[in-house]
Number of protein chains: 2
Amino acid sequence: MENNNNIPPPVRGFKYSGVHCGIKDNPNKLDLGIIYSEIPSQIAGSFTTNRAKAAPVILGEKRIKKGLAQAVVVNSGNANACTGPLGLQNAQEMTEDAAHALKISPELVLVSSTGKIGIPLPMEKVRNGIRQAASLLDSQSVSQTAQAIMTTDKFIKIHAVSGSVGKIRYQIVGFGKGAGMIEPQMRPPTRGWGRHATMLAYFMTDLAVGAKVLQTIFNRVVDLTFNRITVDGDMSTNDTALIMANGLAGNRPLSLNSPEAKAFERCLEEVALSLALKMVEDGEGATKVVQILVKGAKNEKEARKVAYAVGRSPLVKTSFFGQDPNWGRILAAIGYSGATFDPSRVDIYYGPVRIVASGVATTLEDDEKAHEVMKNPTFTVTLDLKKGKGTFRIWTSDLNYDYVKLNAEYRT
Amino acid sequence: MENNNNIPPPVRGFKYSGVHCGIKDNPNKLDLGIIYSEIPSQIAGSFTTNRAKAAPVILGEKRIKKGLAQAVVVNSGNANACTGPLGLQNAQEMTEDAAHALKISPELVLVSSTGKIGIPLPMEKVRNGIRQAASLLDSQSVSQTAQAIMTTDKFIKIHAVSGSVGKIRYQIVGFGKGAGMIEPQMRPPTRGWGRHATMLAYFMTDLAVGAKVLQTIFNRVVDLTFNRITVDGDMSTNDTALIMANGLAGNRPLSLNSPEAKAFERCLEEVALSLALKMVEDGEGATKVVQILVKGAKNEKEARKVAYAVGRSPLVKTSFFGQDPNWGRILAAIGYSGATFDPSRVDIYYGPVRIVASGVATTLEDDEKAHEVMKNPTFTVTLDLKKGKGTFRIWTSDLNYDYVKLNAEYRT
């Protein structure tokens, strides 16, 4: 496994582009991009479980079922969400325009949108953008597409690794966006409504792997990465994660439980976790990335309840910003999480510092040490309920002035 | 029904006091108070459903079961929460000290605490405070006790009404505190764990009403008032609401379904709702009190889910601060609430202005009108799902810079 965070090596057969077509007012901001595979590619994906799904999600859920795709068009600045029948028509038209420009079938094109909600897409600009983007496709331009999907993001998010199947080397490159309205709970379209961001993430690999195996692996990876982050607890109408595997590495397609498939899953999880944590790091106004690790809960479901109650609590999140080990707020959040536990048994750690032992504060010295831990940009809060074997971890950000500033007047 | 918000008339037989005993550093801030009835009084109450209950809550739940009490000791500055066995011992000792000073049985004394979590009470100061407070009891001093329970509150919260049973006039006076860690879901001790503040509220009346009838009426009132507000979605370990009815008005004790009991319930609800809305108005940093009214949900349970998803959403709450009718965030929150609905049928109103009709935006003019509505300190957002007859309403605040400021370094 080799990392290359900044200038990922090209993945055989994939081309990218990013342009400014005027969806955003600022001419220096890219707002439309295309991902293209020279040959039809196996595809798997996961989408928001929000019941108010944006038009591109509705279309994507249909298209992905065939397991085959060749291009994805993505725009930022406008989410094409809550736009009614016109929104669906516009999403469909975007795929047709891209198919036409790329000389492929519209059925092989997916579309994603992110940005403002409830405003019809400026289709004249979008059409011009698609034509331009299709003409600029290049194997070296992944960072252009990564820029073109940014909304309130402060930095672009790309991560790449390479792996091997026997002597055959393959590449995985992933990029994403996401800063606010982040608490993805994505599910593949074939599964029911799940629980609870706009986050978008795209993965390209030249590995040969069939769509079904790809979807199974991708589900597990999404569940352990994107579905484990929260910035504001607000789940988006547009969350989308897609992976395309065009097989140009030339290996024999992976079988599900093979060591090669497991190695691929580990590589993919590394890329996805890197992107997910970059989203928390870029969480609107965030200054901290905090892992909430729950241990000793009755079961995983209860551990999950505790992790989210603590990770979403405005009082806990403001204390992270203040670097104040205010563990009473954490214990209160555990208390209303719905999990069964005995407060007099709980241990709470900030990093390696145990600040609460069996429900009561340790020493003032520990309090000071915990405060030191919290000065780091990233740290772990461990909660041990000492009740059972349930464990769960999520990543959350702090809550501070900049979140308010960014969101109080977003539309004006 | 007569209102008297500022100088409530004395309620026969009740006396109050508030002192500074040093739990708070600032010598100008009161931090301990006593409510006392000259004769043993019928009592009913409702407590936090947080599983990490503070010591005074645990003790209060036991004591209240007899339906009889004569005094309540309340301190601010220290919540006596997450303090282990020592905390319980200290809570018990507070009731004993008060009982001794008042020459009554400790079993007739309840205690409430609010403030910092996880720090043992400074019992020497508390003991002196109780002695002093017991010596200063006065029928005119309700506002002293109301001051003594304030923590981050900016103003005192008192409301009084009077009613009559036949020719007999009775008084109800209520006072409370609460600004942060507010999302009470209180239940009487005899019921199971409920769903999901520190808020404290005390009601005194000279009406004659038995403890059982009083508890039944109080449950309904608490459910429609305190259990319908949210500031930050964080439920406290200490929420407590108590009502004492000493019967000195001299009426025949009320029977449950009598017109007189209904009239009393209406009076009580008026007092409780006034206090609950004052808590939202004083919500840490709040500039807005917004009623979220959900109509047309499949049932009340689903209407409740929608109301809380919208009322808790940081993105919706920051848009209230920005006075930006960003209805897309509302529709997204409905979408992840868990309620069943068709996004293409939803109507959204800001005050009387319908800004979304059947899932799509109306006009830019309406957007401007909605912005005007949002300039008011209080307004209603109505969400009509047009699916069934389920309805639910809650009250929430905006989220802004001052909330962050107040909470980022609370302990330092």
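Colleague: How many bridges join strand 3 of chain B to strand 11 of chain B?

Modeller: Strand 3 of chain B spans residues 32-48 and runs antiparallel to strand 11. The model is predicted. One facing pair is Phe47(B) and Thr240(B), the latter in strand 11 of chain B. The bridges joining strand 3 to strand 11 number six.

Colleague: In which sense do strand 9 and strand 11 of chain B pair, parallel or antiparallel?

Modeller: In general, strands of a sheet pair through backbone hydrogen bonds, in one sense or the other. Here strand 9 (residues 200-205) and strand 11 of chain B share six bridges. Ala201(B) stands opposite Ala241(B) of strand 11. The sense is parallel.

Colleague: How many of the residues of strand 11 of chain B are buried?

Modeller: Take the two faces in turn. Thr240(B), Leu242(B) and Met244(B) are buried on one side. Ala241(B), Ile243(B) and Ala245(B) are buried on the other. For strand 11 of chain B, residues 240-245, the buried count is six of six.

Colleague: Now the seven-stranded open sheet of chain B. Which are its edge strands?

Modeller: The strand order is 10-17-12-16-13-14-15, with mixed pairing. An edge strand here pairs on one side only. That picks out strand 10 (229-230) and strand 15 of chain B.

Colleague: Which residue of strand 15 of chain B does Val356(B) stand opposite?

Modeller: Strand 14 (residues 353-357) pairs with strand 15 of chain B over two bridges. The two strands are antiparallel. Opposite Val356(B) is Ala361(B).

Colleague: Two helices meet strand 17 of chain B. At about what angle to strand 17 does helix 6 run?

Modeller: Helix 6 (residues 259-281) of chain B lies across strand 10, strand 12 and strand 17. Helix 7 (residues 300-312) of chain B also packs on the sheet, touching strand 10, strand 12, strand 16 and strand 17, and makes about 20° with strand 17. For helix 6, the angle to strand 17 of chain B is about 50°.

Colleague: Turn to chain A. How many bridges join strand 12 to strand 17 there?

Modeller: Strand 17 (residues 390-397) of chain A is mostly covered, with six of its eight residues buried. Strand 10 of chain A pairs with strand 17 in the parallel sense over two bridges, and Thr230(A) stands opposite Thr396(A). Strand 12 (residues 289-297) of chain A runs antiparallel to strand 17, with Val294(A) and Phe392(A) as bridge partners. The bridges between strand 12 and strand 17 of chain A number seven.

Colleague: Is chain A as compact as a globular protein of that length, or not? What is its radius of gyration?

Modeller: Chain A has 11 helices and 17 strands. The globule rule gives 22 Å for 412 residues, and chain A comes close to that, so it is as compact as a globular protein of that length. Buried residues make up 62% of chain A. The radius of gyration is 22 Å.

Colleague: Which element of chain B gives the largest share of the side that touches chain A?

Modeller: The contact takes 49 residues from chain B and 49 residues from chain A. Elements giving two or more residues on the chain B side are helix 8 (314-321), helix 9 (327-336), strand 15 (360-361) and helix 11 (401-408). The largest share is eight residues, and they come from helix 9 of chain B.

Colleague: What element of chain A helps cover the buried residues of helix 8 of chain B?

Modeller: Eight of the eight residues of helix 8 are buried, so the helix is largely enclosed by the rest of the structure. Among them are Lys317(B), Phe320(B) and Phe321(B). The cover from chain B includes strand 12, helix 7, helix 9 and strand 17. From chain A, the cover includes helix 11.

Colleague: Which residue of chain B has the C-alpha nearest the axis that relates the copies?

Modeller: A rotation of 180° with 0.0 Å of shift superposes chain B on chain A, RMSD 0.0 Å. The two copies are therefore related as by a two-fold rotation axis. The nearest C-alpha in chain B lies 2.7 Å from the axis, and it belongs to Tyr401(B).

Colleague: What percentage of the interface residues of chain B are also interface residues in chain A?

Modeller: The contact takes 49 residues from each of chain A and chain B. The copies meet through the same surface, because the shared part is 100%.

Note on methods:
Residues are numbered from 1 along each chain as its sequence is written. Chains are lettered from A and ligands numbered from 1 in the order in which they are written. This is a predicted model: local features need pLDDT of at least 70, side-chain atom pairs count only at pLDDT 80 or more; totals for chains, interfaces and linings use all residues. Two residues are in contact if their C-beta atoms, placed from the backbone, lie within 7 Å. Helices (H or I, at least four residues) and strands (E, at least two) are DSSP runs, numbered from the N terminus. The radius of gyration is taken over C-alpha atoms; the globule rule is 2.2 Å times the number of residues to the power 0.38. A residue is buried if 20 or more other C-beta atoms lie within 10 Å of its own, exposed if 12 or fewer, and partly exposed in between; C-beta atoms are placed from the backbone. Two strands pair if DSSP finds at least two bridges between them. Axes are lines fitted to C-alpha atoms, for helices over the stretch in contact, and angles run from 0 to 180 degrees between N-to-C directions. Copies are superposed by least squares on the C-alpha atoms of residues with pLDDT of at least 70 in both.
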